[in-house]
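Hi there,

Here is the structure I promised to pass on to you. Have a look at it first, and then read on for what turned up in it.

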Amino acid sequence: MLLKVIYNIDKVEVIKIIDQKKYSKKIKNLRIDSGRTQKEIANIFNLTPAVISLYENGRRVPSPIIMQKYVVLFNKSVDEIFLLKHVTLSNRI
């Protein structure tokens, strides 16, 4: 599933497209590569392991707050973890 995130920066419309399948694999691989379990990630994020599993299987989209927690935990940018495509449409507003 593709998700579209739209926001405005200095009157420029920016569209970011997020691919759930790609980011779910990426967050799972980051977790595994770090040697952590779903339960450990859940404890760090104050969630249940079931919710982490939903994220890793692409069945639920993390909130922006949880996305930021992944960014901090794995020292990656939001774009590195979640971004598929970035489109800037000047002066659309």
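**What was found**

S53 has its place in helix α3. Please keep in mind from the start that this is a predicted model. With a relative accessible area of 23%, S53 counts as partly exposed, because buried means under 20% and exposed means over 50%. You can also find S53 by looking from K39: the two are 14 residues apart along the chain, and their C-alpha atoms are separated by 9.5 Å.

**The chain as a whole**

Now step back and look at the full fold. The protein chain has 5 helices and 3 strands, and if you read along the sequence, they come in the pattern β-β-α-α-α-α-α-β. The chain has 93 residues, of which 29% count as buried. Its exposed surface comes to about 6100 Å², with carbon and sulfur atoms supplying 52% of that. Among the contacts with a separation of 6 or more, 56% are between residues 24 or more positions apart.

**E56 and its partners**

Stay in helix α3 for a moment, where E56 is also found. Is E56 buried or exposed? Its relative accessibility is 6%, so E56 counts as buried. Leaving aside residues up to four places away in sequence, E56 touches S24, I27, K28, R31 and Q38.

Two of these neighbours deserve a second look. The side chain of Q38 makes a polar contact with the side chain of E56, at 2.8 Å. R31 forms a salt bridge with E56, and the closest N and O atoms of that pair are 2.5 Å apart. R31 lies in helix α1 while E56 lies in helix α3, so this salt bridge ties together parts that are 25 residues apart in sequence. Both R31 and E56 are buried. How many salt bridges does a search of the whole structure find? The count is 1.

**One helix, two sides**

Helix α2 covers residues 38-45, and in it I41, A42 and F45 are buried. These three cover an arc of only 100 degrees around the axis, which means that they sit on the same side of α2. On the face turned away from that buried side you will find the exposed residues K39 and N43. What covers the buried residues of α2? The cover includes α1, α3 and α4.

**Two residues with positive phi**

Right after α2 comes N46, which is in the loop between α2 and α3. N46 is not a glycine, and yet its phi is positive, at about 60 degrees. With a relative accessible area of 69%, N46 is exposed.

N75 is another residue to look up. It lies in the loop between α4 and α5. Its phi is near 55 degrees, again a positive value in a residue other than glycine. N75 has a relative accessible area of 68% and is exposed.

**The aromatic rings**

I kept the rings for last. To describe a pair of aromatic rings, you give the distance of the centres and the angle of the planes. The structure holds 5 aromatic pairs, and here are two of them.

In the pair of Y23 and F82, the ring centres are 5.2 Å apart and the planes are at 55 degrees, so the pair is tilted. Y23 belongs to helix α1 (residues 20-33) and F82 to helix α5 (residues 78-82), so the pair ties together parts that are 59 residues apart in sequence. Y23 and F82 are both buried.

In the pair of Y55 and Y70, the centres lie 6.5 Å apart and the planes are at 70 degrees, so this pair is edge-to-face. Here Y55 sits in helix α3 (residues 49-56) and Y70 in helix α4 (residues 64-74), so the parts tied together are 15 residues apart in sequence. Both Y55 and Y70 are buried.

Which residues form one aromatic cluster? They are Y23, F45, Y55, Y70, F74 and F82. You have already met F45 above, as one of the buried residues of α2.

Enjoy exploring the model!

Best wishes

Terms used:
Residues are numbered from 1 along each chain as its sequence is written. This is a predicted model: local features need pLDDT of at least 70, side-chain atom pairs count only at pLDDT 80 or more; totals for chains, interfaces and linings use all residues. Side-chain values use heavy atoms; hydrogens and water are left out. Rings of Phe, Tyr and Trp (its six-membered ring) pair if their centres lie within 6.5 Å; planes under 30 degrees apart count as stacked, over 60 as edge-to-face and the rest as tilted. Helices (H or I, at least four residues) and strands (E, at least two) are DSSP runs, numbered from the N terminus. Buried means under 20% relative accessible area, exposed over 50%, partly exposed in between (1.4 Å probe, protein chains only). A polar contact is a pair of N or O atoms within 3.5 Å; within protein, one must be able to donate a hydrogen and the other to accept it, and residues adjacent in sequence count only if both atoms are side-chain atoms. Contact means heavy atoms within 4.5 Å. The arc is that of the directions from the helix axis to the C-beta atoms. A salt bridge is a side-chain nitrogen of Lys or Arg within 4 Å of a carboxyl oxygen of Asp or Glu. Accessible areas come from the Shrake-Rupley method with a 1.4 Å probe; for residues, only the protein chains shown count as cover.
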